[in-house]
Amino acid sequence: MKVLVTGGAGYIGSHVVKALRDAGHRTAAYDSLIRGHRKAVLAEEFHQGELADRDRLREVIASFRPEAAIHLAALTSVPESVAQPSLYYRQNVEASLTLLEELARVGVGPFVFSSSAAVYGTPERVPVAEDATPRPINPYGETKLAVERMLHWMAGPHGFRAVSLRYFNASGCDPAGEIGEDHDPETHLIPLVYLAAAGRRGQLTVYGDDYDTPDGTCVRDYVHVGDLAHAHVLAVEKLAGLGNGGFHEVLNLGAERGYSVLEVIRAVEKVLGRPVPYEIGPRRPGDAAVLVASSAKARAELGWRPTRSDLETIIRTGWAWHEKHPHGYDD
Ligand code: UFG
């Protein structure tokens with residue numbers, strides 16, 4: 001199948017491209033390279049462009065002629081979204097509408113959208129299932145939910161067979177070491193723990209130890225990026241095999257196991273065999289105490305089984321890439 005992957009130069013997008021390639025599909029990555037990295041692109045074709053640039057997008061769609069699309073291009077920083085909400089609405093919502101209109105023009109049906117556990121906000125119950133009421137607590141989560149709602153209404157009239165995948169905490173790197181995780185600035189826990197352990201950034205700050213959790217620090221569901229990528233392949237293959245009627249559904253993707261910040265620190269210390277210097281700081285605004293997925297629906301509907309999402313494999317694969325690329329892709 002020919003699959004257009006927006007955001008194909010990003011952390012998750014690059015792993016999705018690799019998984020599609022390994023499954024025998026043809027890929028074109030479309031990315032602005034504002035946050036992504038050219039060296040991360042393993043796609044057969046690479047096209048640089050802004051998602052909001054309708055003419056460029058139209059040109060790429062006309063030349064590649066995709067049969068399906070996977071849409072990951074987005075801004076993804078929660079604090080940045082709080083500081084610049086209009087930027088997030090433009091980049092994540094308006095640009096997604098442009099993409100959907102251009103795909104509808106040429107009748108591309110199968111569509112996989114990169115959504116987030118951020119749509120849940122602070123869930124009333126964990127593990128959280130897809131029928132929980134979404135109540136985002138930051139503009140980033142709002143923009144992901146807005147695109148899901150857009151798909152809900154557009155799917156029927158425009159013939160999209162669409163799935164929104166709500167990722168929990170994407171982590172780890174390609175076990176073969178070809179591609180990895182390189183954010184600037186880095187805000188994610190696990191890479192920051194590596195930097196602290198390696199003495200590259202001073203000590204780590206743990207954001208709050210007075211949450212209502214067993215050790216007082218926040219609990220998250222860490223899921224290996226390779227397992228996430230595989231779910232995209234299963235989803236796009238399933239959508240392509242269905243008839244023409246339009247629909248949209250949502251699926252959680254998590255490992256269904258929570259770890260606290262302190263448990264992550266201990267696990268990194270064990271794998272790396274060195275101490276992680278840290279201090280306890282104040283809570284970070286917008287953090288939920290506990291976010292753990294029920295992925296029962298993805299297991300039932302896609303036959304998805306995470307195979308690399310135990311914390312040790314996540315840390316081993318992530319650390320291997322960070323050790324080889326201490327300055328990310330720009331080594
Ligand atoms: N944390 C620290 N210190 C740090 C960094 C993080 O204590 O220096 C804590 C956070 O407070 C949080 C946990 O580690 O409790 C995980 O934080 P991350 O920033 O790695 O991940 P988040 O859970 O905040 O965010 C992730 C994705 C977002 C998505 C969100 C959905 O990165 O894109 O899950 O809940 F919106």
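**Close-up 1. Arg220 and Asp287 pair up in a salt bridge.** In this predicted model, the closest N and O atoms of Arg220 and Asp287 sit 3.9 Å apart. The two come from distant parts of the chain, 67 residues apart. Arg220 belongs to strand β9 (residues 219-220), while Asp287 is in the loop between β13 (278-281) and β14 (290-291). Buried or exposed? Both Arg220 and Asp287 are buried.

**Close-up 2. Glu44 reaches Arg26 in another salt bridge.** Here the closest N and O atoms are 3.2 Å apart. Again, distant parts of the chain are linked: Arg26 is in strand β2 (26-31) and Glu44 is in the loop between β2 and β3 (45-48), with 18 residues separating the pair. Glu44 has a relative accessible area of 48%, so it counts as partly exposed. Arg26 is partly exposed too, at 39% relative accessibility.

**Close-up 3. Glu312 and Arg316 form a salt bridge within helix α10.** Their side chains meet at 2.8 Å, N to O. Both residues lie in α10 (residues 311-324), 4 residues apart, which is about one turn of the helix. Glu312 is partly exposed, with a relative accessible area of 39%, and Arg316 is partly exposed as well, at 44%.

**Close-up 4. Five charged side chains share a network.** Which residues are joined by salt bridges that share partners? They are Lys18, Arg21, Asp22, Asp174 and Glu178. Across the whole structure, a search turns up 22 salt bridges.

**Close-up 5. The largest nonpolar core holds 42 residues.** Ile12, Leu20, Ile70, Leu253 and Trp304 are the members that touch the most others in this core. Several elements chip in at least two residues each, including β1 (2-6), α1 (11-22), β6 (161-167) and β11 (247-253). The top contributor is α7 (225-240), with 9 residues. Both domain 1 (2-171 + 222-253) and domain 2 (189-220 + 256-330) are represented, each giving the core at least three residues.

**Close-up 6. Here are the contacts of Ile12.** Which residues does Ile12 touch, leaving aside neighbours within four places in sequence? Ile12 is in contact with Leu72, Tyr167, Ala170, Val225 and Leu228. Apart from the core that includes Ile12 lies another one, made of 26 residues. Its members include Ile190, Leu195, Cys218 and Trp319.

Conventions
Residues are numbered from 1 along each chain as its sequence is written. This is a predicted model: local features need pLDDT of at least 70, side-chain atom pairs count only at pLDDT 80 or more; totals for chains, interfaces and linings use all residues. Side-chain values use heavy atoms; hydrogens and water are left out. A nonpolar core is a set of buried Ala, Val, Leu, Ile, Met, Phe, Trp, Tyr and Cys residues joined through side-chain atoms within 4.5 Å. Buried means under 20% relative accessible area, exposed over 50%, partly exposed in between (1.4 Å probe, protein chains only). Domain bounds come from an automatic or database domain assignment. Contact means heavy atoms within 4.5 Å. A salt bridge is a side-chain nitrogen of Lys or Arg within 4 Å of a carboxyl oxygen of Asp or Glu.
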